[in-house]
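Reader: I should like to learn how to read the features of a structure. Please guide me through them one by one.

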Amino acid sequence: MTSDNQETSTTSNRVALVTGGTRGIGQEISKKLKKDGFFVIANYASNEQKALDFSNKTGIETIKWDVSNYEECLAQIQKIYDKHKTIDVLINNAGITKDAPLHKMSLEQWNKVIEVNLNSAFNVTSLVINKMRENTFGRIVHISSVNGQKGQFGQSNYAATKSALIGFSKSLALESASKNITSNVICPGYINTEMVAAIREDILKNIIDGIPAKRLGGSEEIAELVGYVVSDKASYINGATLSINGGLWMD
Ligand code: CAA
């Protein structure tokens with residue numbers, strides 16, 4: 001699905017790809033980057049109605065594919081290059097939860113979360129990194145989680161992927177810095193999204209009680225930080241892990 005009423009920015013002409021970019025935190029990131037003058041492409045996996053509403057409302061181009069599937073990434077990213085020539089900014093945001101304590105976790109719950117949250121980062125990043133290297137410019141942001149930093153009851157699969165993104169990003173930063181490409185991680189805390197709203201009410205209340213700020217964060221608060229990290233002003237921020245969690249975890 002595409003939308004033609006999005007002008008390519010005259011200020012930057014840069015193209016940004018946001019995975020999982022039509023819902024939750026990703027939706028706010030897509031909107032913020034568009035506001036900042038990027039031509040934004042928002043990937044989504046399944047919810048067509050939501051993507052259509054989002055595209056109609058924002059004028060942001062949306063493309064459906066499963067980022068955990070390498071062949072689909074290959075085909076769709078090639079199409080983006082054919083049409084837009086470049087991908088300058090990549091936000092690896094797509095992520096899912098399949099929470100259960102390990103003693104109750106199935107192999108399917110483990111594998112699915114690894115595929116969507118972690119393998120997707122390899123799939124998409126490995127398919128855009130060479131062009132960024134040729135262009136000697138790139139901004140890559142991986143959306144991790146406070147639970148990748150501190151662990152969480154019921155999230156050994158999710159936390160494993162979110163920690164792994166940190167090592168992935170730091171290695172990529174080392175490999176790419178000489179080409180003017182930055183790779184950074186943002187670790188949101190509990191943000192007011194459908195994902196968090198799905199937590200059982202009593203458990204969520206306990207979690208919020210434990211947040212020093214005593215509230216959930218807003219997706220737009222994460223998007224603001226992403227906007228800064230991908231800006232020209234942030235060229236010296238590389239390999240960083242930036243927390244934004246209301247004080248829930250400090251390091
Ligand atoms: N620490 C220690 N023990 C805990 C615990 C905790 N945090 N939470 C639960 N337990 C204990 C319970 O007290 C209970 O003990 P008893 O059997 O002795 O009574 C036992 O573990 C079972 O607890 P549940 O009834 O909760 O177990 P369940 O199997 O029904 O549910 C669960 C498991 C689905 C993981 C549920 O605990 C849960 O939803 N936890 C929250 C997980 C979470 O924070 N997910 C975040 C999703 S949002 C997100 O991921 C975004 C992000 O990046 C932040």
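Reader: How do the residues of the shell around the ligand divide into nonpolar, polar and charged?

Author: This is a predicted model, in which local features need pLDDT of at least 70, side-chain atom pairs count only at pLDDT 80 or more, and totals for chains, interfaces and linings use all residues. Residues are numbered from 1 along each chain as its sequence is written, and side-chain values use heavy atoms, with hydrogens and water left out. Ala, Val, Leu, Ile, Met, Phe, Trp, Tyr, Cys and Pro count as nonpolar, Asp, Glu, Lys and Arg as charged, and the others, Gly among them, as polar. Here the shell holds nine nonpolar, seven polar and three charged residues.

Reader: Which residues around the ligand come nearest?

Author: A residue is near a molecule if one of its heavy atoms lies within 4 Å of it. Asp99, Ser145, Gln152, Tyr158 and Tyr190 come nearest among the 19 residues around the ligand.

Reader: Which atom of the ligand lies 2.8 Å from a polar side-chain atom of Asp99?

Author: A polar contact to the ligand is a pair of N or O atoms within 3.5 Å. For Asp99, the partner is a nitrogen atom of the ligand. An N or O atom in the side chain of Ser145 is 2.6 Å from an oxygen atom of the ligand, and for the side chain of Tyr190 the corresponding value to an oxygen atom is 2.7 Å.

Reader: Is Asn93 buried or exposed?

Author: Buried means under 20% relative accessible area, exposed over 50%, and partly exposed in between (1.4 Å probe, protein chains only). Asn93 counts as buried because its relative accessibility is 10%. A polar atom of the Asn93 side chain lies 3.0 Å from the backbone oxygen of Gly20.

Notes. Polar contact = N/O pair within 3.5 Å; in protein donor to acceptor, adjacent residues only side chain to side chain.
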